[in-house]
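User: Could you take me through one sheet and one pair of helices, step by step?

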Amino acid sequence: MKRIALSLSLLGWACLAGWPAAHAGPVAERVRSTGVLRVCIWPAYYGVTYRHPRTRELKGIDIDLSAELAKDLGARIEYVDSSFPTLVADLTSQRCEVAMSAIAVTPQRQQVLSFTRPYLHSDVYAITTKNNAVVAQWSDIDRPGVRVGVQQGTLTGPLMTAQLQHAMVVPVDAPATREQELISGRVDVFMTNYFYSRQLLDNANWAKLLVPSRPIRVIPYAYAVRPGDGDWLGKMNDFVARIKRDGRLKAAAEKNGLSQVIEP
């Protein structure tokens, strides 16, 4: 009877922690056996996964939600610095179990990665300076001689290349930042999403937000995992469903100024 009671106790712990008693996929089994959840983030993502340059503290909606995921799984979290250009390689080489950094779901990425159901969305926005003599409103952007900065490896690069007929698209690659390029005058405006723009406007008194007169392309954002492990993708989808249902997504969005862009 003691042996049966112990078995039932272990089964109850496994279910409570989010793990099935058997048939776990390789990623779930690795996390369960090591007790560590490795999460890929882009640490320059304002409002989402941002590391403060002085304090080194991580803040943002996906820092809060990744901590919730680790708690649900009964695991210790380890953050792995990644970037949008290296995202696919970092996941497929198993540097991390999941990328939680508001990943835009695009057809190109869907060919090589698996995505959860979306939890955020955003259109394209522009940031310029308040005293910019070249670009003062959205209609000033697509003109000859205007230089439009885009973050290398993000969706805005190919999107702006397809959209703009007269302006020049200028990719910005690390260690340079779009803000540095804008302030220095090397670009006249840079394109971004709602998440990045909100946090930047909260912290930069020189920044001016330009909103398109009509939607450019509203993009869903989700978490990404390596393809081929349906069990792990299912667990991540279950997590997204839970945080929508129990209010954790709403609370994290409110805390980080992103309430307007959460997916229902």
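The questions below deal with the sheet and then with the helices.

Analyst: This is a predicted model, in which local features need pLDDT of at least 70, side-chain atom pairs count only at pLDDT 80 or more, and totals for chains, interfaces and linings use all residues. Residues are numbered from 1 along each chain as its sequence is written, and side-chain values use heavy atoms, with hydrogens and water left out.

User: In what order do the three strands of the open sheet lie?

Analyst: Strands are DSSP runs of E with at least two residues, and helices are runs of H or I with at least four, numbered from the N terminus. Two strands pair if DSSP finds at least two bridges between them. The edge strands, β2 (44–45) and β4 (58–59), each pair on one side only. With antiparallel pairing, the order of the open sheet is β2-β3-β4.

User: Which residue in β4 does R51 stand opposite?

Analyst: Strand β3 covers residues 49–51 and pairs with β4 in the antiparallel sense over two bridges. Opposite R51, in β4, stands L58.

User: Are α3 and α10 roughly parallel or roughly antiparallel to each other?

Analyst: Axes are lines fitted to C-alpha atoms, for helices over the stretch in contact, and angles between N-to-C directions run from 0 to 180 degrees. The axes of α3 (residues 61–73) and α10 (residues 248–255) come within 8 Å and cross at roughly 150 degrees. Angles under 35 degrees count as roughly parallel, over 145 as roughly antiparallel, 65 to 115 as roughly perpendicular and the rest as oblique. The two helices, α3 and α10, are therefore roughly antiparallel.
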